[in-house]
Amino acid sequence: MNILVAGGAGYIGSHAVRRLLKGNHKVTVLDNLSKGYLAAIESAAFELNNKPRFVQGDIADENLVTQVLMEDQIEAVLHFSAFIEVGESIDNPEKYYQNNLMGSFALLKAMKNAEVQKLVFSSTAAVYGNPTSIPLSENNACLPINPYGKSKLMVEWIIDDYCKAYNLGYAILRYFNVAGATPEGVIGEAHDPESHLIPRILLAAAGQSESISIFGTDYPTVDGTCIRDYIHVEDLIEGHLLALKKIQPGQGSIYNLGSESGFSVRQVINACIKITGKPITVLEQARRPGDPATLIASSAKIREELGWKRRFPELEKIVLHAWNWHQRKTTFPGKSAG
């Protein structure tokens, strides 16, 4: 297929680009590089004969996106272009509604202009808000508690309306905590600033930060620290490829992508210490407002409907791949790729 990957220079987007290239798809990457890296695109094609086309631009530029979709005869879009920091969304909601909501709306209009009828949308567990039951299934009420989650849920609603009115086919994938890197270590996770737990711990292990903090040690969990659902980025992308195959114009599906088990913050730190063999200074601090004790997904729907199965369910394997990436990420051109 001819596929547009919006946000293909970012962490998850670049992993999708690599898997699509390996599958001999013709890939066009659209990214404004506000968060992504050219090096991630270059690394995604590392040692592959298949290369993507890169267009620097914004999904909010309806005319540009329409032109790219038509010129490259795009048949499907994978949409990863979003700002993802919950705290920032609270401090600056305008930024999130402008990019995540209005940018996505412009992308959908461009797809309608170019008659592209297949979309895989990167959504989030943040649409659920505080969980009313565990594990979270797709049938749980969506009551987001921050602008980030609200912006994603609003886009979900618009996508469904486009499906009903304009025959758009879609798959919405709600992520939990994505981590890890390609097993061969060519692309991985590098945000600036880094806010995700596993890479922050590994930065401490590498001596690039002084310590890692645990926020709350008195939760009703196995060791008093919060439990979260971690999924390997390669398993996440496998879910996208399976969903893409199923999409039909005028039909839509929503799937959770998570591990269905969960690990505590302290378990994640201990796994990082074991894999790296490095001492890590841990600071215990007070709870943060709004942090639920446990967030675990039910991914039964995507397993049963699409046959999705995780290749890397072990926490230590997720950490190992991430650590391998952290140790070699400066070997590729440009900024750190991820």
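**Serine 264**

I started at serine 264 and looked up its cover: buried, with a relative accessible area of 0%. I note here that the model is predicted. Serine 264 has its place in strand E12. I listed its contacts, leaving out residues up to four places away in sequence: Asp223, Thr225, Cys226 and Ile227. One of these, isoleucine 227, is also the bridge partner of serine 264.

**The sheet around E12**

Next I followed the pairing outward from E12. Strand E9 (residues 227-228) pairs with E12 in the antiparallel sense, over two bridges. I then asked which strands make up this open sheet, and in what order. There are three, in the order E12-E9-E14, and the pairing is mixed. The edges are strand E12 (263-264) and strand E14 (294-295), each of which pairs on one side only.

**Isoleucine 212**

I moved to isoleucine 212, in strand E8 (residues 212-215). Its relative accessible area is 1%, so I entered isoleucine 212 as buried. With neighbours within four places in sequence set aside, I found isoleucine 212 in contact with Leu197, Arg200, Ile201, Ile269, Ile280, Thr281, Val282 and Leu283. I also checked a separation. Isoleucine 212 and tyrosine 166 lie 46 residues apart in sequence, and their C-alpha atoms are 48 Å apart in space.

**Strand E1**

I turned to the N-terminal part of the chain. How many of the residues of strand E1 (residues 2-6) are buried? Five of its five are, and E1 is mostly covered. I looked at where the side chains go. Asn2, Leu4 and Ala6 point one way, Ile3 and Val5 the other, and all are buried. I recalled the general rule: in a regular strand the side chains alternate between the two faces of the sheet.

E1 has parallel partners. I counted five bridges between E1 and E2, and four between E1 and strand E4 (residues 76-79). Isoleucine 3 serves in both pairings: it stands opposite valine 27 in E2 and opposite alanine 76 in E4.

**Crossovers from E1 to E3**

I traced the connections next. E1, helix H1 (residues 11-22) and E2 form a β-α-β unit, and the unit is right-handed. Strand E2 (residues 26-31) runs parallel to strand E3 (residues 53-56), and four bridges join them. From E2 the chain passes through helix H2 (residues 38-44) to E3, again in a β-α-β crossover, and this crossover is right-handed. For a sample pair I noted leucine 30, whose bridge partner in E3 is valine 55.

**Helix H3**

I then took helix H3 (residues 62-71). Which of its residues are buried? I found Leu64, Val65, Thr66, Val68 and Leu69. What do these buried residues pack against? They pack against E1, E2, E3 and E4, and also against helix H5 (93-114). I checked the backbone after H3 as well. Glutamine 73 follows the helix and has a positive phi, near 50 degrees.

**Cysteines**

I searched for disulfides and found zero. A disulfide is a covalent bond between the sulfur atoms of two cysteines. I took two cysteines to see why they stay unpaired. The closest cysteine sulfur to that of cysteine 163 is in cysteine 142, at 17 Å, which is too far for a bond. For cysteine 272 the closest is in cysteine 226, at 16 Å, so that is also too far. The cut-off I needed here is 2.5 Å between the sulfur atoms. I looked up the cover too. Cysteine 163 has 7% relative accessibility and so counts as buried. Cysteine 272 has 0% and counts as buried.

**The whole chain**

Last, I took the overall values. The chain holds 11 helices and 14 strands. Its C-alpha atoms fill a box of roughly 55 × 45 × 40 Å along the principal axes. I compared the radius of gyration with the globule rule: for 338 residues a compact globule would have a value near 20 Å, and the chain has 19 Å, so the two agree. Buried residues come to 56% of the 338. Of the contacts between residues at least 6 apart in sequence, 80% join residues at least 24 apart. I closed with the surface: the chain exposes about 14300 Å², and carbon and sulfur atoms supply 49% of it.

Notes
Residues numbered from 1 in each chain as written. Predicted model: local features only at pLDDT ≥ 70, side-chain atom pairs only at ≥ 80, totals over all residues. Heavy atoms only, no water. Pairing = 2+ DSSP bridges. Right-handed = clockwise from strand over helix to strand, strands pointing away. Rg over C-alpha atoms; globule rule 2.2 N^0.38 Å. Buried < 20%, exposed > 50% of the residue type's maximum accessible area, 1.4 Å probe, protein only. Contact = heavy atoms within 4.5 Å. Areas by Shrake-Rupley, 256 points an atom, 1.4 Å probe, with all protein chains shown as cover.
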